[in-house]
Amino acid sequence: MAGYEGSRSPTPQGSSSRTLELMLGNSEQIEVDLDNLPLEDEEFEYLRGCVKESDVRARECTHIAQEYWRRGHLDKARALAEESIQKFKEERKDQELPPLYYLQANLSLSYARQAPKFVLPDDQVQQDKLSSKKTRSEYIAEATGYVNAASKAGGGIGGSTEILGYLTRGTLAFASRQGNETLQAFDGVLSKSPHNIVALLGKARFMYTQRQYREALRLFQMVLQLRPDCKPDPRVGIGLCFWALEDKERARMAWERSVEVDPGNTAANLLLGLYHMNFSKEAGDDVPQEDRQQSFVQGSKLLTSVFKAATLTSVGAAAASAVAEVLQRQGHSDRSLKLAERAIQFSDTLAVLADGHIRAARACQDLGKTKIALRHYTYATESAPTKVLAWIGKAQMHLLHGTWSHPPKKDDTIFTSAPVLDEIPAAVHSLDTALAQKGDCVEANIMLASICSNPGPSYSSADAAADRKKARDIFDKLGRVVGASKNKALRYLGDDPDIHVDIAALWQNENLDRAARAYREASRIRVAQNPGEPVDPRLLNNLGVVTHLEGDLTQAQALYEDAITSAATATAESDSMISTIMYNLARVYEEQGDSNKAREAYEKLLGKHPEYIDAKIARARMLTGLSRHDEAHQWIKQALEADPRDFNTRAFYTWFFYNCSRYKEGADFTSASLKQNPNDVYNLCAYGWFMHHAGREGRQRTDEAQAERMKTFTRAATSFSNALTHDPSCAVAAQGLAMIVAEDLLDSWGPGKPINDTRAKANAREALAALTKVKESLNDGSVYVNMGHCYFVRDDFERAIESASTSLGPLLQAY
C-alpha cells in the first residue's frame, strides 16, 4: 500500500455490540449500550442522572460522551461532559477532571470547525444571517480555556492522559495555526506511540498545509495500513496529496474507493464532484463535447447530493462555494446566494473568501441587485487582488450603473450606443488592473477595447483619438491571437458579431474598407448563427452607410432597402430604425440625382415624423439647389424653431445665407451663433469669411469708411485666429489668415493705394508657407488660386500659371 499504485484498500469489517455497566448508589446496576444510546430528551436526562449518581470514573464518562460525539450529537456529548465535571468537582476528585476537560476542549474544536470564521452584519447579508452564532475564534478561545483547566487539574502526568493532552494541544495548535506547537505536540505523541492514529492523521494534515505533499501522502498511507476502517477516511487525504502532486487520476481513484467503502462520505463525494466539474471545464480540445457535458452533469449531481445530504455547516466554505456555482448555473440564484454568503463567513483562506464574494456577486447580478454585486466584487478584489474574474465583474457593475445614450444626431445615420462617463473611468481602471495581473486575458481586453471605442462626449478630441487608437490596437492583437488559437472558447469569442461591429465603428472614420469588412463579417456571423432569420436592420444600415461613404451608391441603396425590409419585421424600435434608414435612403436618391424619389422619401418621412430636423434640412438643401430660396428658407426656419441651439442646423442656415449671397444676414446670424458658443470652429471660420468679404467689398474712400474697413479686416483675422486656437489643423482658418497676410489687409491699405514691392513679396512668401501646408489637407480650387496670386506677386509667373491650371480641376469638379 506504500506506493498506492491504484490497488484497493481492504474493506473495513463490522464491529460487535459494546456495553458499559454503571453501578448506582443503591447497588443497582444498569447497562449502557454504546451502539444504541438514548437520543430522546427524557431518556437522555435519565442517563445523565445515572452518571451523576453512579460511582463511575472519568474513563467511562468520556467513553459515553465520545460515542455521542462520534454519532454527531455534540450537544449531548457536551451536556454529559459538563455533568461529569460537576460531579467530580463536588466529589473533590480532581484527578478525574483532566480527561473530561480535554474532551470539552475537543468538543469546542469540533464546534469551531462548524462555526463561521466571522459573522457579517445583518445589513450586509441577503440570505445567510448568522448574527446569533458564535465565531470560530470564540470556540478556539473556549477550547484553550479547557486545556489550561486540564493542566491546572494535573493533566499530562503520565499514561494515556499525557497522550491525550499532547493530542488535544496539537489539535488546538493546528486550529490556531501555530505551526511549531502543532508539530511538537504530534511528534511528542509519536515518539512514545509511533502508531498512534490520531497523531499520524494530525501530522499528515499539518504537512499537507505546509505543502509537503509527499510526506503527507506517506503518513496518510500509513494510517490506512494500520486502520483500514479509520474515520475520517485517510483515502480522502491520499487523494488530496495526489491531486497536489498533479496525479489527478490517482486522486480520483482514491476518492472513488472512499465512496465505495462509505457511500455517505461527504468529503469524498464533494471532491469527486469538484473533479468532474473541473474536468468539464479544463479538458483539452481532444475530449469530445459529449464527455465534457457528461462530466459536468455528473459533477453537478454529486455536489447537489452533498448539499442535500449534509448540513450547511458540515460541507465547509470551499464546498459551499462550489455548490453555489452549480446552483447559479442551474438558475437557482437565491439558493446560490445563500451558499455564497455561507462560504464568505466560513472561509479559511483569502482565496476561498474571494471566491465566495465572486459567487455572491454573480448571484446578486442575476437577481438584479447590481449595487450589492459591486460591493461583493470590490471585497473580492481586496481579498485577492490577483483574481482577474473579480476585476472583470467589478468593471461590468460599473458599466451597468452608468446610463447609455445615443450619440449626437449628426451621427444618427449609424446606429451605435455609448456610455455616459459617470462610471466609465472606474470600469477602465478595473480592467487595466485585471490586465496588469494577466495581460493576455481575452475577456478583459475585449471589454476594455469596447469601452475605448466609445469615448464619451466630454472627452477632448485628443483623448478620444487616443482611446480609439488603443481600442484598434487591442482588437488587432486579439484578432491575431484568436485566429492562431486552437482553443474553442477563444474561437467562439472571435465569432461574436458585436465585436466586429465595434471594430467597424472604430475604422469608419479612418479606413472605410476595413470598416466595411468588419460589418460584412458581423453580418456573415449573424446569418450563420441565425439561419433563416432576417439580418439585424441596424447592421445592414451601418454597412450601407460605409458603402455609401465609399461612393458605391447602387450597393448602398440595395443595403438600405434590405434594412427597411428587415426593420419592418422587427418587434422593438422598428419605427425609429425605419425612420433613420429611410433618411439614409433618401440621401442616396439625392446623390444619384433622382430628385423625385428623394423628395418622396423625405416627404414620407416628414409625414410620419414632422419633427425630423435632418429631413427638413435635406428638403431645404434640395430646394436651394433648384434656386427656390423662399421655400427653402421656410423649411430652415421650421428646423431652427424646433431646436434653436442645434448647431448643425445653425451651420446649414449660415451656408444658406452664403449660397444665396445674403452676406449681411449671414454675418449677423453667425455673430448670434458665436454668442451661444464662442468656441465653435465652423462659425468662427464663417464669420471670418463674412468679415473678410465685407471689407473687400467696401468701396467708399472716406477716412471713416477706411477705418471701418480696417476694423472689419481685424475682426476677420481675429475670428480665423480663434478658430486655429481651438483647432490648430483647421485649413480654412489657416487659408483665411494667409489671404489677409498676403494682401497686407491689417495695414492702412485702401483701394488705389500702392503697396511697397518688397513688403508685398515678403507677405506673399509668408502666405505661401501657410498655403503650401493648407493644400495638403484641403483639396479646394481656391487654395491654388490664392497660391497663384502669391506667385504672381513674387514674379514667379511659371508657378503662378501652374497653380492657376491646377485650380481648374477642383473648381470644375465642384460645379
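Rings of Phe, Tyr and Trp, the last represented by its six-membered ring, are taken as a pair if their centres lie within 6.5 Å. In this predicted model, such ring pairs link Tyr-653, Phe-656, Phe-657 and Phe-669 into a cluster, and the structure as a whole holds 19 aromatic pairs. The search for salt bridges comes to a count of 34, whereas the search for disulfides across the whole structure finds 0.

**Aromatic pairs**

- One of the aromatic pairs is formed by Phe-44 and Tyr-68, whose ring centres are 5.4 Å apart and whose planes stand at 90 degrees to each other, an arrangement that is edge-to-face.
- Because Phe-44 lies in helix 1 (residues 41-53) and Tyr-68 lies in helix 2 (residues 58-70), this pair ties together parts that are 24 residues apart in sequence.
- Phe-44 and Tyr-68 are both buried.

**Charges over rings**

- Lys-248 lies over the face of Trp-243, at a distance of 4.7 Å from the ring centre.
- In the case of Arg-472, the charged end of the side chain sits over the ring of Trp-507, 5.1 Å from the centre of that ring.

**A nonpolar patch on the surface**

- Trp-655, Tyr-658, Tyr-682 and Trp-689 make a nonpolar surface patch of about 390 Å².
- Two helices contribute to the nonpolar patch, since helix 31 (647-659) and helix 33 (681-697) each supply at least two of its residues.
- Tyr-682, which is found in helix 33, has a relative accessibility of 40% and therefore counts as partly exposed, the range for that class lying between 20% and 50%.

**Salt bridges**

- Arg-71 and Glu-67 meet through their side chains in a salt bridge with an N to O distance of 3.9 Å; Arg-71 is partly exposed, with a relative accessible area of 36%, whereas Glu-67 is buried, with a relative accessible area of 5%.
- Arg-517 forms a salt bridge with Asp-513, in which the closest N and O atoms are 3.4 Å apart.
- Because Arg-517 and Asp-513 are 4 residues apart in helix 24 (residues 512-529), they are separated by about one helical turn.
- Arg-517 is partly exposed, at a relative accessible area of 49%, and Asp-513 is likewise partly exposed, at 41%.
- The side chains of Glu-631 and Arg-628 meet in a salt bridge with an N to O distance of 2.8 Å; Glu-631 counts as partly exposed at 40% relative accessibility, and Arg-628 is partly exposed with a relative accessible area of 36%.
- Elsewhere, Asp-498, Arg-526, Asp-536 and Arg-538 are joined into one network by salt bridges that share partners.

**Cysteines**

- With 0 disulfides found in the whole structure, two cysteines may be described by their accessibility: Cys-364 is buried, with a relative accessible area of 0%, and Cys-660 is buried, with a relative accessible area of 15%.
- The value for Cys-660 is 15%, and this residue counts as buried because that class takes in relative accessible areas under 20%.

Conventions
Residues are numbered from 1 along each chain as its sequence is written. This is a predicted model: local features need pLDDT of at least 70, side-chain atom pairs count only at pLDDT 80 or more; totals for chains, interfaces and linings use all residues. Side-chain values use heavy atoms; hydrogens and water are left out. Rings of Phe, Tyr and Trp (its six-membered ring) pair if their centres lie within 6.5 Å; planes under 30 degrees apart count as stacked, over 60 as edge-to-face and the rest as tilted. Buried means under 20% relative accessible area, exposed over 50%, partly exposed in between (1.4 Å probe, protein chains only). A charge sits over a ring if NZ of Lys or CZ of Arg is within 6 Å of the ring centre and within 35 degrees of the ring normal. Patches are made of residues with over 30% relative accessible area and no salt bridge: like charges are joined within 9 Å, nonpolar side chains (Val, Leu, Ile, Met, Phe, Trp, Tyr) within 5 Å. Accessible areas come from the Shrake-Rupley method with a 1.4 Å probe; for residues, only the protein chains shown count as cover. A salt bridge is a side-chain nitrogen of Lys or Arg within 4 Å of a carboxyl oxygen of Asp or Glu. A disulfide is a pair of cysteine sulfur atoms within 2.5 Å.
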